[in-house]
Amino acid sequence: MRFWLRCASYLLVLALAMLVHAFSAPRFTSVEMREGNEPWHHAELPVGLPSTRGVLEVRAHLVVSRIGPRSITIVPDDHFQSLSIDGVDVSLAGVPPAKLADWQDGFRLRIARYVHLGDNVLVARVRNEGGPGGLDLREDPYDWIELAELGVGLAAFLALGAELLRRLSVGWPMVTVALTAVVVRAAYLSVTPFNVRHHDAFQHLDYIEYLLAHHRLPGAEEGYMFFQPPLYYVVNALQWSALQALGVGRSAILWSLQLQSLLFELGFALLAIATANLWMQRERVRRDGRGATSSESWTNAQLGALVLLWPASIVHAVRIGNDDLAYLFLAASFFFTSRWWVHGVRRDLVWASLLAALGVVTKVNDLVAFAVLLLAILGRLVLLERERRIGEYLRRGWIAAACLVVSVTAALGVGVRDWLAGRREHLLVSDINQNPAGLLVGNHLKNYVWLDVPNFLKQPFTSPWDDGKGRQWFWNYVLKTSLFGEFDYAQPWLRALAVLIGVLLLALLVQLVAGALLMRRREWLDGMPLVALAVLFLASLMALRISAPNSCSNDFRYILPVVLPCACAYVWFQVRCRERGWRIIPLASAVLGWLFALSSAAYFLLLSLAGD
């Protein structure tokens, strides 16, 4: 009874924090825009402007309550000129001149002395100096009321999460790691709008808004991302419609799509940890039948830290795009594939097949889930059960085969037709011919077998455009984007920390190779689904880059599923060393793993505190 009372109290505090935020957050309504002396016409934030030069004016109403906003964030494109509230000019004297043209992060502006309770009319002016222009008005994440709401709400959410995890008999080390991961993602989300460090966010939004406007699926030729399978976009169109019906503005809807991605990505990470724990428990039972010792609890927590705090996992968490939902389905399918491999229960095979099918109609990359599943079916029947009856293979595999055919038909049926007719250059990535020529990279054997270690250590970040940052080398680009994506950060202390994280990653890889050499043939066979997941995903990345030699063909969006088997192999190395009576090597390995995970968490917390 006390457990449920504590959970109810935490939920009440969380609900109150959200209610206060609903009254205190700035709500810009009746948004209008005009260029020059043209008539005003309806618009939505963020306001976009075609590639024309001139002055854009945006007029909006802001309702202020007693706990209303003291400051707002303004993001101009290209140069902010002025803001008036009820006809009174707001001073820009405290804004650094460079920030008035900061089209990525914008600037904070204090408005408390200019607003009154009730309705206020804001008129903002921004000068477009070439290329697409526009303006966005947002809440200020550093306003003290916002920070207090976030702090109270986050504390209640973390307390609730800790209660639920402890109820599930999760040890405190793992609980601490999970809560740290939530804090890091919340901090990163607070300083990362949808159009900052995004990847094709506007093209994904085009797909969603096409569904809202036309109520039908588009043809692949109608938009840059319209070749993608539809499930993610249908889900988001429904969410958009529901929120719009409740009177929620465009900016808040875009933020809700980011929050949705965060929940999908956390679901992927937690399912990956559940899968890893399934494999670790199997090893314990096979070894001596004991429960987890204190040392093993910390080992499991380290495994969770490597998955939850992997840098690219955090970068992924707040992006608008179909990757996070696809990875959620992939992780769920692999969880049931692993359960079936371990326990042999037919129900798990059915769930693995259905979830893999949902993944394929979200993003075609999830075909790897089917490849792993079918290999697991063959491997278990051939290697573990020594099955020779063809009928048994058909009985076990027909559901997976049927789900594969249905999902591939739904995701690629039209694409296959267009590809065979010559109307589509690449079957899986139909927009590849629209990429700039500057993304092309070498497509020779040396580009795939060579790791330029000096360049990897010297360059903290990489770029899809710059050969000097290692993009020509498959392994340099895969490993570097698995840390920080394709994004760069100017702060010297962030760059120094990024170099340290890169060094730690190479040290982790050295240990992975050592662990692989220690594994016996039987252990490779027992862990075949894990091995297949890592090998097939890396092979698919390499195959995609060979068939479409663009730097972005193997970037950070495609690396996360490989983290799970690698994290399992990493901690298994420590277990094997302890079984052999070694002490220094597993201790050094544990320190290295924790240092990598904590450095990643520190990196994104410092980035968030800097407001980058």
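This passage describes selected surface, charge and helix features of a predicted model.

On the surface, a nonpolar patch of about 550 Å² is made by Leu-12, Leu-16, Leu-19, Val-20, Phe-23 and Ile-67. Of these residues, Ile-67 lies in the loop that runs between β4 (54–64) and β5 (71–77). The relative accessibility of Ile-67 is 35%, and this residue therefore counts as partly exposed, since that class lies between the limits of 20% for buried and 50% for exposed residues.

Charged side chains were considered next. The structure holds 12 salt bridges, among them the one between Arg-59 and Glu-32, in which the closest N and O atoms are 2.7 Å apart. This pair links distant parts of the chain, for Arg-59 belongs to strand β4 and Glu-32 to strand β1 (residues 28–35), with their positions 27 residues apart in the sequence numbering. Arg-59 is partly exposed, with a relative accessible area of 24%, and Glu-32, at 24% relative accessibility, likewise counts as partly exposed.

A further salt bridge is formed by Arg-108 with Asp-140, where the closest N and O atoms are 2.8 Å apart. This pair, too, links distant parts of the chain, as Arg-108 is found in strand β8 (residues 107–110) whereas Asp-140 is found in the loop between β10 (133–139) and α2 (144–167), 32 residues apart. The two partners fall into separate classes of accessibility: Arg-108 is partly exposed, with a relative accessible area of 45%, while Asp-140, at 1% relative accessibility, counts as buried.

The side chains of Arg-138 and Asp-136 also meet in a salt bridge, with a distance of 2.7 Å from N to O, and in this case both Arg-138 and Asp-136 are buried. In addition, salt bridges that share partners join Arg-34, Glu-57 and Arg-125 into one network.

Attention then turns to the helices, beginning with α10. Helix α10 (residues 346–360) has 15 residues and, at 1.5 Å a residue, should span 21 Å; its end C-alpha atoms are 22 Å apart, which agrees with that expectation. The expected span is 1.5 Å times one less than the number of residues. Within α10, the buried residues are Asp-348, Leu-349, Ala-352, Ser-353, Leu-355, Ala-356, Ala-357, Gly-359 and Val-360.

In helix α2, Glu-163 was examined as a single position. Its relative accessible area is 16%, so Glu-163 is buried, the limit for that class being under 20%. When neighbours within four places in sequence are left aside, Glu-163 is in contact with Phe-3, Arg-6, Cys-7 and Tyr-10.

Another position, Ser-256, lies in helix α6 (residues 250–287). At 14% relative accessibility, Ser-256 counts as buried. Not counting residues up to four places away in sequence, Ser-256 touches Gln-239 and Leu-243. With Gln-239 there is also a polar contact, made between the side chain of Ser-256 and the side chain of Gln-239 at 3.0 Å. By way of a distance across the model, the C-alpha atoms of Ser-256 and Gly-133 are separated by 24 Å, and the two residues are 123 residues apart along the chain.

Technical notes: Residues are numbered from 1 along each chain as its sequence is written. This is a predicted model: local features need pLDDT of at least 70, side-chain atom pairs count only at pLDDT 80 or more; totals for chains, interfaces and linings use all residues. Side-chain values use heavy atoms; hydrogens and water are left out. Patches are made of residues with over 30% relative accessible area and no salt bridge: like charges are joined within 9 Å, nonpolar side chains (Val, Leu, Ile, Met, Phe, Trp, Tyr) within 5 Å. Accessible areas come from the Shrake-Rupley method with a 1.4 Å probe; for residues, only the protein chains shown count as cover. A salt bridge is a side-chain nitrogen of Lys or Arg within 4 Å of a carboxyl oxygen of Asp or Glu. Helices (H or I, at least four residues) and strands (E, at least two) are DSSP runs, numbered from the N terminus. Buried means under 20% relative accessible area, exposed over 50%, partly exposed in between (1.4 Å probe, protein chains only). Contact means heavy atoms within 4.5 Å. A polar contact is a pair of N or O atoms within 3.5 Å; within protein, one must be able to donate a hydrogen and the other to accept it, and residues adjacent in sequence count only if both atoms are side-chain atoms.
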